[in-house]
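Thanks for coming, everyone. Please bring up the model and keep it in view while I talk.

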Amino acid sequence: MWKIRKKLYGVGAVLLIVAATLQMTYIHPKWRKDYSPEAGGLVASQLSPEQILLQLFGFREFLAGILWVRADGFFDAGNYDAILPIIRVCTILDPHNIDIYATGMWHIAYNFTDQEQRSNRRYIPIALALAKDGIKNNPNTYELYFETGWLWYQKIDDNPSEAVKYFQEMVKKKDVLPAREDLLANAYFRDQKIMTGLNWYFHLYKEAIARAKKDTFYANSQIRDTLESNIDNTIIRMIQRGYLAQKRNDGSYEKGDYDTKPPFNVGFSAKVTVVRPRVLRVTGTWNVLPVGCRIRFIVRDLHYPNALPAELDWNKNDNFNFNLPTNLTYMQDQLFCKDQRFDRVENMSKDPTMYPFDSNHYLLEFFYDPAFGAPHIQDKFGWNGVGMTDPNFLNTQIRKGVRVIYATLELSKDQILMRGQWQNRHATVETSNFKESSPTESMTNIVKVPSLRGN
Amino acid sequence: MGAVWNIAATTVGEAIRRRVLLVILMIGVLLLTIIPSLSVLSARSDDSVTVGTMFAVMRGTSALLAIVLTVYMIPNEIERRTIYTILSKPVQRWQFFLGKYLGAVLSLLLMITLMTVFMLVVYAIFQNHHASRLLSLAQQPVMYWIEMSLLAAVAICISTFVTPLINIFLSFGVWLVGTVLNPLYDTIANNSKSIPIMKSISKLIVSLVPNFADYDTKNPLINPGQPIQNQGLYYFTTIFYGVVWIALLLIIGALIFDRREV
């Protein structure tokens, strides 16, 4: 009897070794790769004990759904801060729920605004980190590539190569909507890849014709007609803006009569006055008469970490977290130009948490990039600003291949907060060429915006 | 082997007649019925929420059934002294033990099959999917059956040396630990701040405790479209892993039961 028992102990030990070996060498790595809900890990923070139990018993999607409904309630109540941790928990519980990622990104990037409806752009790296996480967990659908590309294209409104990168991935996916695909061409134009953009239009047009033939559904013919119109416009613009002549590089641009010639002097100048503590009045000149130009205006810490000319390094976060740099100030707004001037009051006094002004020195940046301008303005300035100049602030260094307008001024903390020696004084800083102007001044230097019809 | 099958068949009959098991099964089925109404929790991912929650309900109900079914099996026979009439016949103790376990496994198969059929009917009515989708969903309950057979082996093994009440908590605890093993291990192993000794301990625990999380393969079913290679091999290996653990637990249980005073 003892012998049998001894044998059974031996068999048991062998079985244990077999089970442990199987588990560690094949089953666990395979489960991790193919069957784990990707985000993995135990989500303990932000969950109540009963919610943790629900998660442990496999009710992840159910719990994510409940939390998402709760987040909706917070959204309706305007309690935006409460939504952030819920978004994160929901994406960990159900990392394949595209809606949570897409809505979460939009919410983080767009909805945290100050009293003047200016977005808190310090949140943008967080939104991008969420986007990267979403793409990692859902690489086979076009949606999050589209959402991320759109964030770069529309919200960040800079670094067009990033939008191109995401839209290129978007169009590779099988489920991409045909109506979304032409965004890639627009991103190419901003990225100065005009011919690539046109070729992409042609590629889509060919597909659209085939689709419209196969299925007479109205939207199919509408997409085909839109693409045809876009191709026509692009070719005309390439000719009229002298793009093709420049590409030939045979002197024909210099000799020819193109809309972008001669370069128009935008005559930029600016003055910033502190009218009340944390309230700046920004005025200046901009010779362009037609409306449609918006100059980017930024107030930020002089030594803001990861700051680049007229922007931040938005891509710096790879891991999603809510560590907002609450001690740093970054305000960005658009100065609307009308009647050859701009005049705007930037009130930062109502949102001290968003604009803490902890540092001692601040940089004021003015920036205009024609690559992101309105098409009717681009008809004069060109895609790359070849038709635009300025004797003082034209810059060809800070954005590769594009002529932009870039100017900076500085203010100290005491000046902005009107304290110390500035307690009863209004600090004013201005560009060296600044000249007071009014909307009624003469309009001799009017930019002539060409019409696509040629008259 | 005839004695083993006779005991197993009797055990199945007893299980079907036990009211507590029928009540648990009924609650599970009722929950499965109301789950499609939860799809409102997600506008576009309603299918994910429905399927995910249905599987979670099925898993929870099956685990409860497995534990309640097996913890009382041998202690009840001893308490009612019915074991004497069986062991007085030419039946070895290990045969009795194995027969009881096989009866429990067959009862679980019956109950899980019932829940699966009910789940698929409800799903087909509310979600209106093709037969191929329904067939693919039927894979997961098979894995749950293996998982619950393993849990039943844990419970029947423990029942040879502790009282049923303690066994309920012990078995449930083992299942809970085994269920969170994979994510727990990943959390520790992938955390750069984890000290090496913790990583080694977690690896040892993952190796030495039956891992129930391996049978939770619902993720690709909830989120279809992700290509998985060698799915059949994974299923085969995990089933084999389960059989190895079951054999180990039954050997331990039979050895203890063999020496026990009844």
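Let me begin with one cut-off: a residue is buried under 20% relative accessible area, exposed over 50%, and partly exposed in between. Take A:Asp343, with a relative accessible area of 35%. That value lies between the two limits, so A:Asp343 is partly exposed. Please remember, too, that this is a predicted model.

What does A:Asp343 pair with in a salt bridge? The partner is A:Arg281, and the closest N and O atoms are 2.5 Å apart. The two come from distant parts of the chain, 62 residues apart. A:Asp343 sits in strand E8 of chain A, residues 341-347. A:Arg281 sits in strand E3 of chain A, residues 279-285. A:Arg281 has 37% relative accessibility, so this residue is partly exposed as well.

Next pair. A:Arg300 forms a salt bridge with A:Glu365, with 3.4 Å between the closest N and O atoms. A:Arg300 is in strand E4 of chain A and A:Glu365 is in strand E9 of chain A, so this pair ties together parts 65 residues apart in sequence. Buried or exposed? Both A:Arg300 and A:Glu365 are buried. There is also a network: salt bridges with shared partners join A:Asp114, A:Arg118, A:Asp333, A:Arg344 and A:Glu346.

One more pair, this time of neighbours. A:Asp34 and A:Lys33 meet in a salt bridge, at 3.7 Å from N to O. A:Asp34 is buried, at 8% relative accessible area. A:Lys33 is exposed, at 53%. Over all chains, the count is 30 salt bridges.

Now a helix in chain A. Helix H5 of chain A covers residues 98-110. How far apart are its end C-alpha atoms? They are 18 Å apart. At 1.5 Å a residue, its 13 residues should span 18 Å, so the two values agree. H5(A) is mostly covered, with ten of its 13 residues buried. Among them are A:Ile98, A:Tyr101, A:Met105 and A:Ile108. The cover includes helices H3, H4, H6 and H7 of chain A. At the N-terminal end, A:Asn97 acts as a cap. One of its side-chain oxygens lies 3.2 Å from the backbone nitrogen of A:Asp99.

On to the interface. Chain B puts 59 residues in contact with 41 residues of chain A. The two chains bury about 4,500 Å² between them, 65% of it on carbon and sulfur atoms. How many salt bridges are there between chain B and chain A? One. A:Arg5 and B:Asp258 form that salt bridge, with their closest N and O atoms 3.6 Å apart. Which element of chain B gives the most to the side that touches chain A? H12(B) does, with 16 residues. By class, that side of chain B has 30 nonpolar, 21 polar and eight charged residues. Across the interface, six residue pairs are in polar contact.

Last stop, a residue in chain B. B:Ser107 is found in helix H6 of chain B, residues 93-127. Its relative accessible area is 1%, so B:Ser107 is buried. Where does its side chain reach? To the backbone oxygen of B:Gly103, at 2.7 Å. Leaving aside neighbours within four places in sequence, B:Ser107 is in contact with B:Thr11, B:Val12, B:Ala15 and B:Leu69.

That is my tour. Over to you.

Notes. Residues are numbered from 1 along each chain as its sequence is written. Chains are lettered from A and ligands numbered from 1 in the order in which they are written. This is a predicted model: local features need pLDDT of at least 70, side-chain atom pairs count only at pLDDT 80 or more; totals for chains, interfaces and linings use all residues. Side-chain values use heavy atoms; hydrogens and water are left out. Helices (H or I, at least four residues) and strands (E, at least two) are DSSP runs, numbered from the N terminus. Buried means under 20% relative accessible area, exposed over 50%, partly exposed in between (1.4 Å probe, protein chains only). A polar contact is a pair of N or O atoms within 3.5 Å; within protein, one must be able to donate a hydrogen and the other to accept it, and residues adjacent in sequence count only if both atoms are side-chain atoms. Contact means heavy atoms within 4.5 Å. Buried area is the accessible area (1.4 Å probe) that two parts lose on being put together, summed over both. A salt bridge is a side-chain nitrogen of Lys or Arg within 4 Å of a carboxyl oxygen of Asp or Glu. Ala, Val, Leu, Ile, Met, Phe, Trp, Tyr, Cys and Pro count as nonpolar, Asp, Glu, Lys and Arg as charged, and the others, Gly among them, as polar. The expected span of a helix is 1.5 Å times one less than its number of residues.
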